[in-house]
Amino acid sequence: MFLTVFFLLVALCTQGGNGKEGEEAQRPGHVSVVIVGGTGDLAKKYLWQGFFQLYINQVSSGNTFSFYGGGQSPTEKATPVLFEILKTVSCSKDVSQERCALLKDQFLRLAQYRQLKSLEDYQDLAKHIEQQLQEEGMTEAGRLFYLSVPAFAYADIAEKINSSCRPKSGAWLRVVLEKPFGHDYRSAQVLASQLRSSLTEEEMYRIDHYLGKQVVSKILPFRIENKKLLDPIWNKHHIERVEIVLKETLDVKGRIAFYDQYGVIRDVLQNHLTEVMTLLTMRLPKNVSRSEEVLGNKLQILSSMLPLGKNQAVIGQYQTYKAEVQQELNKTKDHVSHTPTFAAVLAQIDDAQYEGMPILLISGKMLDERVGYARILFKNDIFCIQNHNNVHCKPKQIVFYFGHGSLQYPAILVSKNLFKPALVDSEWKEVTEHKDVNVFGLPISDFYIQTPMEQKEAYAELISHIFFGQKNSFISTENLLASWDLWTPLLSSLGSTFPRIYPGGADNADMLDIHLKGKDISYNNEVVIISTDQLGGTSTNGFQVMQGKFRSSEMVSAWAEQLVDKLAADIQEAAEAAIYEGGVFHLALSGGSTPLALFHRLADHHFTFPWRNTHVWMVDERCVLPTELESNFRSLHDHLLQHVRIPYYNIHPMPVHLNQRLCVEEDGGALMYEKQLIKLVNSSSFHFVLLGVGYDGHTASLFPGGKVDELGDSLVALTESPSKPHQRMSLTFNVINRARKVALLVMGKGKHELITQLSRVKDNPDKWPVTGVKPTNGNLVWYIDYDALLG
């Protein structure tokens, strides 16, 4: 007969919520705890220790326990494994060695392994529990099933529990579910529906271990205890931004099969960081112990979030991730994963209190340190004229420091120039002796600090909450779906995009720094890392840091929209510099479809562009009438020129139509354009030339095999294209390479093969005309979007 150790009631437990919530758990009786997946990694690291802590805390409460480790393996094989795990549990410091040894011995006696594979296995477990209750004359308090298994098994196990393992009337049933709770809104909805057919909402405990972290669990109590001081400043008028950050130094080796399907947004941002965000911004509940009110207030925040799209996120992937995927998933070397291992998302809440206030959610693998925190940075309207180290001029902030990092312990920090906070709990203490540590660049002595007297593990805290039926630290179905409703559109928009590659650790330097502009977020710089097997480069350590370098020239790389924004900004900067220097800006623009997005950007967003002092020239033109749709000038006119205030005499179309005929050499159109250029452009040196690159490597209308070296000293020439219309007029390298700045714009996945080839070939303008672009005294910058760069 299975041995149960019974302890008489010594002291009634005083924990639990008010009202109905928690009452069942406080009634003494027998509790059966079943960990399905009881020999797995999570159970080994956290769960058995958490349940042992629960046992220690409740051993004198009048409750008795049985503990079952369940799994797929046969009993004779898994039992030794389970007991090796159980032998590693430990007591807290306040428990004596003698008492700890006794408690561990009792705990091991109360535990056993059971195979839980088929419906019959669950039926046998139920019979065993019933027989034990009957033989020992015990009243059943409840049954707790912890599903430490993959999410695809939840519905099947829940059905087995429902049909065979429910306790009799009067006892409770609690089933704990580990994330992930779906992959997107639709899958979460399907899983919720499947679970609802077997379990009630009250019986399900979706666990997010972050809510068990000591500092996270005290966010609401801190806000309540300091309500009078916080209420006037907890709003958009006083908060500059909120940062919720979880940085990790480790990679995901060994977890690739899971991680490659989910990535950092699903793994961390959609759950952990979103939950912290709701705790920071939700309306304070009248009773923090009432889960219905807490969850309802969280739901209001989730429902008030502005939609998240591609412009609200930047993503990255550490450099060795690709090789790890290939190795662990047996993929070929040309397999490329788009799964992000780093993400920074800009969220905003659409309500009067927080409207326009930036909330940053950031997480990543292979970063410079392991640390987690939520930081509320306040606006500071005090300016120190002489003593900049005066405490009043330092940043005002409240930091919920989850642990690790430079501080190394969980704490709540409040700037001394803000206010002195009340302690959140009698089990917390104020830190008065400071080590020589800096937090966010400030000495720790600049803060009021409070920390738990004893550090407790998150799972142990949440297991206690489950035992007492406290649901305010768990995820309801309604809140879960609201969260997925927020995140799914963003995930869909990022599905086919390639993350920025970063080397990992300190080598990341400033590559992942971000820039906020209104409701949009972008990387602060355009430095990217490119695998040598993707671009054909060579490197001793297997990757290159392409710090603005492609074919030995500067390179800017970004998503297409960001790239166009950057190019437009660079053109305006060049225009303003040229006009400041000489009063005029000469800009030469190429044709084709690639620059259309740039034209729209300049027309729609650059209202301060100095068009009145700008001369627009053509890089090349098809020999068609300027009214034809194929005309480069017609395209330039329709998409840019007609939308901006530029004097008509500053516009210089190429004269391809003279004497009622097109591109006849005797008409001298090319020479006419050359003379006009020499007359107006100082030293025939354009301030800015925009070029594209064709699939065959041509640029302007200089094509492979066109014998560009035979064009002599001419600045403008008639050329032949292999495609219709064959005749073209084009600037030559003689004038292109005199320019102060030349931009080569390459966009789209279709250009990826071309970029790969160009990264390998030597200069050969006859075969690859674009390799002849080499400004003599100016700069060449390649603007390449991620699709073209990485495929």
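**Close-up 1. The disulfide between Cys-623 and Cys-663 is left-handed.** In this predicted model, the torsion about the S-S bond of this pair is about -85°, so the link gets its left-handed label. Follow the chain outward from the two cysteines and you find that Cys-623 lies in the loop between strand S27 (620–622) and helix H19 (632–639), while Cys-663 lies in the loop between strand S30 (661–662) and helix H20 (669–680), so the bond ties together parts that are 40 residues apart in sequence. The two sulfur atoms are 1.8 Å apart. Both Cys-623 and Cys-663 are buried.

**Close-up 2. Cys-91 and Cys-100 form a right-handed disulfide.** Here the angle about the S-S bond is 95°, and the sulfur atoms sit 2.1 Å apart. Cys-91 counts as buried because its relative accessibility is 19%, and the cut-off for buried is under 20%. Its partner Cys-100 is buried too, with a relative accessible area of 13%.

**Close-up 3. A disulfide joins Cys-384 to Cys-393.** The S to S distance is 1.9 Å, and with 105° about the S-S bond this link is right-handed. Are the two ends buried or partly exposed? Cys-384 is buried, with a relative accessible area of 17%, whereas Cys-393, at 22%, counts as partly exposed. Stepping back, the structure holds 3 disulfides. Counting bonded cysteines along the chain, they follow the pattern 1-2, 3-4, 5-6.

**Close-up 4. Strand S9 is covered on both faces.** This strand spans residues 342–347, and 6 of its 6 residues are buried. In a regular strand, side chains alternate between the two faces of the sheet. On one side of S9 you can pick out Phe-342, Ala-344 and Leu-346, and on the other Ala-343, Val-345 and Ala-347. What does S9 pair with? Strand S8 (residues 313–318) pairs with S9 in the antiparallel sense over 4 bridges, and Val-345 of S9 is the bridge partner of Ala-313. Strand S10 (residues 359–364) also runs antiparallel to S9, joined to it by 6 bridges. There, Ser-363 of S10 is the bridge partner of Ala-343.

**Close-up 5. Two edge-to-face ring pairs link distant parts of the chain.** The count of aromatic pairs comes to 27. One of them brings Phe-342 and Tyr-502 together edge-to-face, 6.3 Å centre to centre with 75° between the planes. Phe-342 belongs to strand S9 and Tyr-502 to strand S19 (residues 500–502), and the two are 160 residues apart. Phe-342 counts as buried at 4% relative accessibility, and so does Tyr-502 at 0%. Trp-617 and Tyr-673 make another edge-to-face pair, with 5.6 Å between centres and 70° between planes. Trp-617 is in strand S26 (residues 614–618) and Tyr-673 in helix H20, 56 residues apart. Both of these residues are buried.

**Close-up 6. Ring pairs link a set of aromatic residues into a cluster.** The members are Trp-48, Phe-52, Tyr-55, Phe-65, Phe-67, Phe-107, Phe-467 and Phe-468.

**Close-up 7. Arginines sit over the rings of Trp-172 and Tyr-523.** The charged end of Arg-174 is placed over the ring of Trp-172, 3.9 Å from its centre. Over at Tyr-523, Arg-500 lies over the face of the ring, at 4.1 Å from the ring centre.

Notes:
Residues are numbered from 1 along each chain as its sequence is written. This is a predicted model: local features need pLDDT of at least 70, side-chain atom pairs count only at pLDDT 80 or more; totals for chains, interfaces and linings use all residues. Side-chain values use heavy atoms; hydrogens and water are left out. Buried means under 20% relative accessible area, exposed over 50%, partly exposed in between (1.4 Å probe, protein chains only). Two strands pair if DSSP finds at least two bridges between them. A disulfide is a pair of cysteine sulfur atoms within 2.5 Å. Rings of Phe, Tyr and Trp (its six-membered ring) pair if their centres lie within 6.5 Å; planes under 30 degrees apart count as stacked, over 60 as edge-to-face and the rest as tilted. A charge sits over a ring if NZ of Lys or CZ of Arg is within 6 Å of the ring centre and within 35 degrees of the ring normal.
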